[in-house]
Every structure is written in structure tokens, then in C-alpha cells.
Number of protein chains: 2
Amino acid sequence: MAERIELLRTLMRAKGWDAVVVTGSDPHCSEYPAERWKQVEWLSGFTGEAGDLVVTLDHAGLWTDPRYFIQAEQQLAGTGIDLHKTRVPDQVLIPEWLERQFGADGLIAVDGLCMGADFAQSLPGTVISVPDLLGPFWPERPAIPQTPVFTVNPGESRREKLDWLRAFLRGRECDGILLTALDEIAWLLNVRASDIEYNPLVISYLLVTQDDVCWYVLKDEVEDPESKATFSILESEGVRLLPYADIDYLPSELHGRLFVDAATLNYQLYTNLITAGVPLEEGTSPIRLRKAVKNATEVAGMRDVHVQDGLAMERFLYWLERSVDAGREITEWDAAVKLGQLRADLPGYRGDSFETISAWGPGAALPHYITPHAYAPVIREGGLYLCDSGGQYDRGTTDITRTVPVGRISALEREDYTLVLKGHIDLAMAVFPEGTHGCRLDALAREPLWRSKRNFGHGTGHGVGWFLGVHEGPLDVRQNLNPTVLQPGMILSDEPGIYREGRHGVRHENLLLVVEAGQNDFGRWLAFETLTLCHFETDALELSLLDRSEIEWLNAYHERVYRTLSPQLPREIADWLREKTRAV
Amino acid sequence: MAERIELLRTLMRAKGWDAVVVTGSDPHCSEYPAERWKQVEWLSGFTGEAGDLVVTLDHAGLWTDPRYFIQAEQQLAGTGIDLHKTRVPDQVLIPEWLERQFGADGLIAVDGLCMGADFAQSLPGTVISVPDLLGPFWPERPAIPQTPVFTVNPGESRREKLDWLRAFLRGRECDGILLTALDEIAWLLNVRASDIEYNPLVISYLLVTQDDVCWYVLKDEVEDPESKATFSILESEGVRLLPYADIDYLPSELHGRLFVDAATLNYQLYTNLITAGVPLEEGTSPIRLRKAVKNATEVAGMRDVHVQDGLAMERFLYWLERSVDAGREITEWDAAVKLGQLRADLPGYRGDSFETISAWGPGAALPHYITPHAYAPVIREGGLYLCDSGGQYDRGTTDITRTVPVGRISALEREDYTLVLKGHIDLAMAVFPEGTHGCRLDALAREPLWRSKRNFGHGTGHGVGWFLGVHEGPLDVRQNLNPTVLQPGMILSDEPGIYREGRHGVRHENLLLVVEAGQNDFGRWLAFETLTLCHFETDALELSLLDRSEIEWLNAYHERVYRTLSPQLPREIADWLREKTRAV
């Protein structure tokens with residue numbers, strides 16, 4: 001890593017740059033980039049999902065948030081790269097840090113393709129955009145992925161979605177919109193692929209104008225019949241297919257104001273548009289909110305895939321308990337593989353929705369632990385095993401975490417287990433008025449932990465896509481003041497945790513659907529329907545820490561889990577589940 | 001009222017104005033203006049504390065928030081003025097409403113003295129500032145108040161405060177700051193007066209530069225010895241006293257960049273500064289946050305005045321119960337007068353901190369009920385009596401609401417009484433990490449109500465000044481996403497409620513002090529210390545709705561109330577309080 005940074009510094013000296021800023025993103029501002037764009041990892045060795053790197057002639061630093069502090073400290077050890085903590089009091093973010101170093105006079109180089117326009121514009125000094133800046137040092141760099149493209153049926157046609165989008169554009173007095181976020185393109189065109197691991201997306205750009213749809217997509221080497229069939233369908237509906245690289249000629253297609261979302265538009269493309277004199281209307285893409293509100297077909301699909309996913313989870317937990325009881329040596333990796341196999345047997349399975357976190361004991365203290373392939377720790381008696389996993393199915397997406405006691409657990413583990421479940425339940429049973437921001441519910445899940453001065457350094461809940469990204473905006477339930485209001489049809493996770501470095505970790509996660517809950521003199525009311533179906537371990541509970549309403553919620557949930565899943569489980573697992581879901 | 005609006009329309013037609021916008025504020029953007037500036041009340045008859053009026057040639061509308069909906073409907077009936085609701089879904093605020101009426105071409109007249117620069121700049125079309133716009137129609141208009149000015153000792157000298165402020169200005173590369181908010185001026189100069197009812201403030205402007213302090217204050221008719229002594233002290237410390245009206249010549253005093261807070265700077269003064277070419281640095285006045293964090297002297301004073309205030313409250317509640325039991329006819333007004341007398345007997349009393357809300361039965365369903373002087377309703381058995389009141393003392397400010405059952409109450413009243421107390425307690429016993437925004441705790445007080453689909457249309461908590469405004473920013477605990485973080489030394493109210501129009505109202509309010517609560521592996525912790533000392537009515541509780549921790553909090557609080565107050569109460573009231581504070 002140190003050599004790569006030194007190579008970069010050689011270039012910096014030659015060009016007279018004061019700093020290079022490298023983000024972990026791709027030309028579409030994706031949260032999870034393809035291998036080709038994992039530039040922070042290639043330069044620093046840090047594999048966390050969120051991290052930005054700044055290299056100056058005498059300093060190299062990685063900026064990341066509390067989810068990755070422990071991991072970053074381990075992975076950066078010996079690299080000469082310093083950890084800069086974000087989402088902590090007194091954080092100094094990259095723009096401010098650069099300003100302190102160079103004032104307004106710095107010459108800051110960035111790969112404009114792999115940096116959002118918003119972020120690039122927040123940097124101080126003179127920002128120089130160099131597309132593929134790291135390319136010359138990276139001979140083995142992976143190509144842009146191209147996987148088979150197929151269509152999905154989410155209950156709304158491309159035509160309906162395009163009509164809605166064009167009406168929005170007319171209201172904003174725009175002729176067109178440039179879509180750069182991959183999940184928005186997949187949503188609008190009802191297409192999916194596997195260009196990015198765990199994310200069923202097609203790497204592409206999409207221009208929609210009042211009378212044209214231009215899809216800039218890699219197609220020069222497309223030989224697979226699925227993609228060919230998909231492309232024919234789209235072309236028959238008037239979608240023009242253009243080479244991905246032709247996005248550079250975008251301005252020639254335009255005849256009026258163009259709506260762009262600077263949060264997902266890369267800086268290189270943004271400066272191209274500005275240079276070409278294209279009149280821009282900047283704002284948040286309307287698809288972002290629209291696709292977060294699931295329609296009836298999507299909700300029905302999500303309910304169904306959660307029954308399936310629950311069956312896989314119960315089979316998995318049964319297998320794990322029996323294996324450990326029988327004295328077999330199961331590693332974290334073995335367990336992850338077993339769960340993946342159980343999901344792969346399900347109808348409509350299209351891969352996992354993220355890399356399974358399978359962690360025993362101290363490993364679970366890292367909220368985003370990476371289970372090692374080789375020499376993975378064995379799941380032993382006398383600790384907590386945490387498994388965070390999910391599937392992509394052609395009718396929905398799942399994300400579930402269960403923490404299970406293996407053998408005897410300590411009093412502290414038991415308390416942490418119970419308090420996290422208490423927080424989880426308090427959010428799950430929340431009732432709230434129409435117009436409530438997700439962030440305003442965050443304290444409901446945390447206060448049960450806060451009371452005994454425990455907390456966790458990640459969000460309580462994130463939006464979840466419909467056979468799209470398992471992390472989806474604009475909603476969330478976390479510490480920041482996100483102005484997104486919860487609406488019926490939105491789906492989010494509920495996943496509080498407690499992590500004790502070197503000891504253990506607990507997280508309990510279900511997905512929740514926002515539903516209507518009636519109207520009265522006080523207004524319209526909303527509540528949550530729990531989608532995820534899988535039992536919690538009542539044996540691990542310190543029942544005196546739960547109040548009556550929490551216990552009632554747990555018993556009702558367990559009864560629903562048993563009644564829904566047991567008819568589709570083999571007799572011995574159903575009997576086992578009956579015991580696991582007994583009322584407490 | 002209708003005639004006054006028609007007179008205004010005559011002027012509008014003569015001048016060619018499309019609309020006149022009248023706010024309920026004064027030249028200092030005060031929440032509570034003096035009589036002279038109650039222009040909305042004079043034009044519309046609406047006496048609520050928050051309301052803005054728009055008059056066009058064919059429409060007159062009052063904009064106000066849910067606290068005042070019922071009151072506004074009553075007071076506007078027959079005036080021809082429509083109610084426009086704010087803080088509701090689909091609200092249309094004044095700028096947007098004007099834009100819908102007149103697009104960008106409207107000619108909008110405002111009294112620029114009585115409108116904040118921020119708000120005026122948000123109006124569409126051409127905004128014309130006419131100082132004292134309503135003056136010509138208002139022959140009996142009250143003068144600007146002038147009351148005796150005196151000094152206070154809050155534990156920090158003017159010198160220390162000026163040094164701190166000047167250091168801030170140097171950091172922002174400014175020579176001076178223009179203070180326009182009356183509470184900021186009172187805080188900085190350690191002066192108080194009674195120019196505004198319930199608010200111990202001096203109507204004035206203050207300019208602080210690196211080597212000068214200019215106080216623009218009415219002093220032409222100052223004959224009282226207290227003001228004279230105060231002015232001498234300030235002059236001896238280098239404060240220059242200038243006539244209030246000389247603020248028009250402010251630019252001649254300036255020799256560099258001037259810091260201004262557009263949230264409290266009036267539009268007329270702002271345009272004067274712009275016209276004179278004064279280089280402005282706009283931002284939030286640093287005093288706003290600084291004065292919200294009380295120092296040790298202020299905290300000690302607040303603790304002491306809450307003991308005093310609690311004695312008055314307990315004497316009052318004892319008197320009320322005995323009087324009703326004895327069959328005496330006590331009206332809401334009588335009760336308010338009695339409480340005022342009990343407070344007036346306390347050492348250091350300087351007036352009430354706001355107009356006492358004394359409301360029985362249906363009256364209490366208006367969160368901001370005005371108790372009528374004549375023909376006030378009698379406090380009868382078979383209902384809830386609500387009293388929201390507070391005092392200004394020379395060592396602090398109080399604000400307390402108690403709701404008490406009179407005779408037998410209904411099951412619904414009992415439930416509402418209990419759920420509101422549950423919400424109050426849940427916030428009061430919150431523990432939270434350093435860095436938590438006040439708004440993120442709001443749901444803790446509301447969820448106990450939300451669970452049974454009840455709610456209230458006002459904030460849960462507001463900041464409270466130290467012998468200053470009883471409503472003080474920048475902190476609050478409410479539905480909006482206020483980015484202010486709670487810090488040790490901040491004081492806020494905790495006052496959930498339930499209001500059922502035509503039936504009853506419940507509110508329970510104590511003041512809370514933010515205190516340190518230790519540090520551990522999870523970070524630094526904060527919690528609340530309850531300042532207010534007065535019992536709640538355990539007879540009115542439906543105990544099955546409270547959980548164990550809530551009951552423990554209540555019992556511990558009651559024990560503290562008894563132990564602190566009883567030694568200073570007459571024997572019969574102390575004995576009565578012993579019964580009232582028995583553990584449940």
C-alpha cells in the first residue's frame with residue numbers, strides 16, 4: 001500500500017498538486033462500487049464500506065465513521081495512514097481539514113468520475129478533475145462489469161413510470177432528466193442485472209426527455225440471450241440504447257433545461273454539462289422518494305419472500321443448534337456457507353443482498369465484521385453468535401440479524417441481549433402521527449439502552465429496496481436530522497445493537513413496513529408491520545428488564561412466526577420451533 | 001376590525017399595493033411585543049401569541065399554529081378574516097400563498113420595522129418597507145414603554161462577557177456586532193427592566209465594537225433613580241448611551257465589518273445598513289447559545305427560586321382544594337389572582353413570567369386559554385382544573401403546569417391524566433449521550449400518548465431564560481428538526497398534554513436542567529435534574545398504565561418535594577402535602 005501511495009506522490013510532485021482526494025465511490029455515486037472502483041481499498045487496504053482517503057505530500061488519512069473504527073485501526077496498522085473519525089463530536093471533515101492545511105490556495109486533484117458533484121464542490125481551493133486518476137498505477141485494474149440484464153414485474157409498467165416522471169419534469173419546466181443513480185435507473189426501466197455484487201443493478205446512465213429515452217449502457221460485448229431479449233423489449237417500447245461511453249456526447253441530445261441530482265451526479269459529468277452550457281435544474285431526483293414507497297404488488301412480494309426467508313433462517317438456526325449440541329466444529333465461515341445454501345434453494349433466489357456477517361464472540365463486536373474464509377473462528381459454547389444476512393429474490397429483498405446464545409452466557413451478555421431486544425420491540429410497536437420524520441423515532445430504540453448508559457455507533461434503521469439495494473434512501477432512523485417523513489409503504493430495518501470490543505456483540509434486526517393505523521380526533525396514525533419472520537431466543541432473556549407490553553409483543557410475534565412457518569417445515573424443525581416460540 | 005381593514009385597503013388602492021403583511025412582532029423580533037406593536041391584534045382582534053396577517057384587496061387571512069386554532073376560530077368569527085393553519089400537513093405559508101396569488105409580480109407592503117429581515121426577504125415580488133405603516137390609522141396607539149432599568153448579578157461581569165464577545169468577533173474578522181434581540185442585550189449588559197409585560201427587558205439596540213459600546217436606549221424622559229443609577233454604572237464602565245432613535249445614524253459609528261443576526265434584525269434597519277454600504281457578516285448571534293447554557297451562579301439561583309415557587313404552588317393547591325371542599329365559589333380568575341398574590345409575597349419576586357392560564361373543564365382544552373376577568377367560569381366538582389403559571393425572580397425564572405382533579409373525574413380524564421404524566425416522566429428520566437439534539441428526545445414524551453393514538457399540538461419543551469424570557473432559544477424539544485444539541489447547564493420545560501375540544505385538557509409541566517451523568521466505554525452521558533418542586537395528584541392516576549420505573553421516579557420525586565418544602569410550610573399544609581406525596 002505504502003508503495004502505491006508513494007507512486008501517487010511522485011505524480012503529485014510532478015503536477016504540483018497539494019492533495020489527492022479518493023472516495024470509495026463509482027461514477028454513479030453508488031454505496032457499493034464494483035471492484036474496478038474500489039480505489040480506497042486498493043490504495044489503503046481498508047475494506048470497509050464507507051471510507052475516503054486524502055493523500056498529501058506528508059500525510060495520508062482515511063475518514064470513516066464509528067461502524068468501521070475498529071476495522072480501520074486493524075487494517076491501517078503499519079500503512080502510515082492515519083484514521084480520521086467522522087460522526088463523533090469535534091469531527092473535522094475532509095473539506096475543513098484541507099482548508100486548515102492549504103487555506104483557499106490548495107491545488108486538490110480528484111478523479112471527477114468517482115466523486116459526487118456535491119462533494120467536489122464542497123472542497124476548498126482549486127479542484128482539478130482527472131478521470132481515472134489512479135489508472136496509470138493500476139495495471140491489473142478490473143474492467144467495468146457486464147452481467148445479463150433481465151426484466152422484472154413490480155406492478156407498474158415502464159410506461160406508467162415514464163408518464164409520471166415526465167409530468168414531474170413539466171412541473172419543474174424541464175425538458176429532461178439525467179438519471180445517474182443505478183437503482184433509480186433499474187427502478188424506472190424495470191430491469192435488473194448483477195453488475196455489482198449483492199446489488200441487482202445495471203451500470204449505465206439514463207436520459208429521459210419529453211419524447212425520448214436514451215440508455216447509455218455497455219452493450220458492445222453482450223452476447224447472452226437474456227440481455228438480448230431485454231434490450232429488444234426496451235427498444236420495442238422506444239428506449240434508445242447507446243454505448244456507455246457516449247455519455248460524453250450527452251449535451252448533443254438535449255433541447256432544454258435538464259434536471260440533475262447533484263448528490264448522485266459525478267463531478268466530471270457535471271463539469272461537462274456546465275462547460276457545454278446546458279441549463280441545469282438541480283434538485284433531488286423524484287424517483288428517490290417514489291421508489292421508497294412500495295406499491296401493493298411490491299408489498300405482497302415482500303411479505304411472501306419474508307416467509308421464504310424465515311424458513312431458511314429457521315432451518316439454519318436448527319442446524320446450528322443441533323450441530324453445536326452434537327459437538328461438531330462449525331466455523332463462522334461454515335455457518336455462512338450453510339445459510340447461503342439454504343437461501344439458494346428458495347424459489348426466485350437471485351443472490352444474497354450483502355455479504356453475510358457470521359461472527360462468534362469477539363468478532364461480533366465489530367458491527368461490520370468480515371467473516372474470514374480461511375481459519376475462521378469456531379462457534380463455541382459460552383458466547384453469543386451473531387448472523388446478519390439477507391437475500392435478493394425476484395419479488396423482494398430481505399435483511400435479518402439474529403444473535404443466539406451458544407451454551408451458557410454471562411450475565412452481561414444476557415443483559416445486553418435483552419436490552420437490545422427491548423429497544424428493537426419499542427420501535428417495532430411504535431404508533432406515530434402522519435408526518436413523523438424517521439429520525440424522530442430513533443430514540444425509542446435507544447432509550448432502553450441509554451438508561452443503563454449503553455449505545456451503538458450505527459443507525460437504527462435504513463430503507464430497504466424492492467429487489468434493489470438493501471440500503472435505500474431517502475428514509476432512515478438514525479442520529480442525523482433526516483427530514484424524510486415516514487409514509488405507508490415504506491420499508492425499513494429495525495436493528496439496534498450493543499458492541500463490546502474484544503468481548504461480544506448483540507444485534508437484533510427485523511424489517512418493518514409502515515402501515516396505516518386509522519384516524520381519530522388527533523389526526524391520522526401510522527404504525528409498523530413486522531415483515532421478518534424468525535424467532536428470538538427467549539432463553540437468553542433477562543425477563544425482569546422487559547415490561548408487560550414488550551412481553552406481549554414478543555409472545556404475539558412468536559405465535560405468528562410459528563403459525564406462519566411451521567406448516568412448511570419438516571416435523572422435527574416445526575416441533576423445535578414450537579418450543580422456541582413458547583410464550584414467556 | 002372590519003373598518004380598520006377597509007381603511008388599510010383604501011391606502012392599498014391609493015398606493016397600488018397588492019398585499020400588506022403584518023406580523024405580530026416588534027422592531028426587535030420579540031416573541032412578546034409591547035402593546036404598541038400588537039398590530040395583528042389591533043387589526044384582527046386575535047390575541048394569540050403567534051399570528052401573522054395578510055390583507056389583499058379581496059382577502060384577509062391570519063396564519064397561526066395548532067396551539068391557537070380554537071382561539072383563532074372564535075376570535076375571527078364574523079371579522080371576515082380567514083384562518084390559515086400552520087404546522088399541519090399541506091400547510092401553505094405566507095410566502096408561498098403570496099406567490100400563488102401574485103406570482104413574482106406582486107407589490108407587497110410591510111412595516112419593515114416590525115418584520116425580521118429573514119422573513120421579509122422570503123416574500124415574493126417587490127417588498128416595500130413602510131415604517132409604522134399602520135400609524136396613520138391608529139390615533140390611540142400606545143407609546144414605546146420606558147420602565148426603570150436595574151442591574152443583576154448572574155455571576156459573570158459585563159467585562160467578562162464583552163471580552164468573550166470581542167474574541168468571537170475577531171475570530172469572524174468583524175469589528176463589531178449589532179445586537180437587536182432584547183434578551184441578548186439584557187444578558188450582555190446584566191440589566192433588566194419591565195418594558196414588555198412578563199419579560200424583564202429594556203427596549204434598545206446595542207452596538208459592540210472592539211473599542212466601543214453604544215447603547216441606543218430611550219432616556220429622554222428617564223427620571224427614576226434606579227435607571228439613573230444603572231446608567232451611571234454603565235457609563236463608568238465605558239458604555240455610551242445614545243437615544244433609541246439614533247439607531248438610524250448607526251452607520252456613522254462603524255469602521256469595519258459588522259456582524260448581524262438576520263433572524264432578529266428588522267428589515268428596515270437591514271436595508272439601511274445595506275444602502276449605507278456597511279460590510280455585513282450574517283450569522284446566528286453567539287449570545288443565543290451562550291446564554292442558554294447557565295453558569296453555576298445561575299443554576300444555583302434557579303434551584304433556589306424553584307424551592308420558593310414550589311412553596312407558593314403548594315399553598316395555592318392547598319387553598320384551592322380546601323376552598324372547593326368548603327363549597328366556596330372560586331372562579332378561574334379568583335384562582336389566578338390568589339396564585340399571583342402568593343408569588344408576590346416571595347422574596348425577589350419581579351412579576352409573573354407570563355399570563356397565568358387558569359382553566360377549568362372545557363377551557364383547559366385550549367392550550368393557550370386566556371382566563372377572562374369578568375364572568376370567569378367557576379371551578380366546579382366533576383372536572384379537571386389546569387393552571388400554567390410562572391414567576392420572574394431576581395435569581396431566576398419559573399414555569400409550571402399542574403392539572404388537578406376537582407371532585408370525581410371520568411375514566412377518560414383519568415386515562416389522559418395518567419398518559420400525559422407517563423410521557424412527562426419518560427422524558428424527565430431520559431439518559432442520553434453527549435451530542436443529542438433536543439428534538440430527538442421529543443418522541444420519548446409522546447410515544448406513551450401515541451400508543452393509544454393521542455397527541456398534542458404544541459412543543460414538548462422550550463428553553464427557559466435566567467430572569468429573562470420564559471421562552472428562550474435556541475434549544476427546544478419538539479416536532480421540528482432543531483439542530484441544537486443539549487448541553488449541561490441548559491434549562492428546558494417538559495410539558496406534554498392532551499386536549500379534547502369542549503371537554504377537558506391535561507398538561508403536566510416541570511422545568512429540567514441538563515446535567516452530566518458520567519462517562520464510560522460508550523461515551524459521555526447526560527441526564528435531567530428536575531428543578532420544579534410541586535406534587536402531582538396521585539388520586540387521579542390509573543396506576544396500571546405506569547410501569548415500574550415510572551412509579552419509582554414518581555415516588556422518589558414526591559419524597560424530594562416533601563422533604564424540601566415541608567420544613568418551610570405551615571404544619572397543616574405540610575401534613576396535607578405528606579398525604580399528597582405518599583408513595584403509590
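This is a tour of a predicted model, going from the contact between its two chains to selected sheets and helix pairs.

**Stop 1: where the chains meet**

Show chains A and B together. In the contact between them, 28 residues of chain B touch 28 residues of chain A. To see where the side of chain B comes from, select residues 431-433 (β21), 442-450 (α14), 510-520 (β27) and 523-530 (β28) of chain B; each of these elements supplies at least two residues. Which of them gives the most? That is α14(B), with five residues. Colour the side of chain B that touches chain A by class, and 14 nonpolar, six polar and eight charged residues appear.

**Stop 2: the axis**

Keep both chains in view. A turn of 180°, with a shift of 0.0 Å along the axis, lays chain B on chain A with an RMSD of 0.0 Å. That is the relation of a two-fold axis. To find the axis from chain B, select Arg440(B): its C-alpha is the nearest in that chain, at 2.7 Å. Both copies use the same surface, as 100% of the contact residues of chain B recur in chain A.

**Stop 3: a hairpin in chain B**

Stay with chain B and return to β27 and β28. These two strands form a hairpin, with two residues between them. They run antiparallel and are joined by seven bridges. For one pair to label, pick Glu516(B), whose bridge partner in β28(B) is Leu526(B). Now add residues 491-494 of chain B, which are strand β24; four bridges join this strand to β27(B), and the two run antiparallel. Here Leu492(B) stands opposite Leu512(B) in β27(B).

**Stop 4: two helices in chain B**

Select residues 296-325 (α11) and 332-344 (α12) of chain B. The axes of the two helices come within 9 Å and cross at roughly 145°. The crossing of α11(B) past α12(B) is right-handed. Show side chains for Ala312(B), Arg315(B), Phe316(B), Trp319(B) and Leu320(B) on α11(B), which meet Ala335(B), Lys338(B), Leu339(B), Leu342(B) and Arg343(B) on α12(B). Sorted by class, this contact has seven nonpolar and three charged residues, and no polar ones.

**Stop 5: a sheet in chain A**

Move to chain A. Six strands make an open sheet there, in the order β12-β11-β10-β8-β13-β14, with mixed pairing. Which strands stand at the edges? Select residues 239-242 (β12) and 280-282 (β14) of chain A: each has a single partner strand, so one side of each is left without a neighbour in the sheet. From one strand to the next, the twist averages 20°.

Next select residues 176-179 (β8) and 204-209 (β10) of chain A, antiparallel strands joined by four bridges. Leu179(A) stands opposite Leu206(A) in β10(A). Then add helix α6, residues 158-171 of chain A, which packs on the sheet and touches β8, β10, β11 and β13 of that chain. The direction of α6(A) makes about 120° with that of β8(A).

**Stop 6: two helices in chain A**

Finish with residues 296-325 (α11) and 548-565 (α15) of chain A. These helices pack at an angle of about 95°, with their axes 10 Å apart. α11(A) and α15(A) are therefore roughly perpendicular to each other. On α11(A), select Val307(A), Gly310(A), Leu311(A) and Glu314(A); they meet Val561(A), Thr564(A) and Leu565(A) on α15(A). By class, four residues of this contact are nonpolar, two polar and one charged.

Notes. Residues are numbered from 1 along each chain as its sequence is written. Chains are lettered from A and ligands numbered from 1 in the order in which they are written. This is a predicted model: local features need pLDDT of at least 70, side-chain atom pairs count only at pLDDT 80 or more; totals for chains, interfaces and linings use all residues. Two residues are in contact if their C-beta atoms, placed from the backbone, lie within 7 Å. Ala, Val, Leu, Ile, Met, Phe, Trp, Tyr, Cys and Pro count as nonpolar, Asp, Glu, Lys and Arg as charged, and the others, Gly among them, as polar. Copies are superposed by least squares on the C-alpha atoms of residues with pLDDT of at least 70 in both. Axes are lines fitted to C-alpha atoms, for helices over the stretch in contact, and angles run from 0 to 180 degrees between N-to-C directions. A crossing is left-handed if the near helix is turned anticlockwise from the far one by less than a right angle, and right-handed if clockwise. Two strands pair if DSSP finds at least two bridges between them. Angles under 35 degrees count as roughly parallel, over 145 as roughly antiparallel, 65 to 115 as roughly perpendicular and the rest as oblique.
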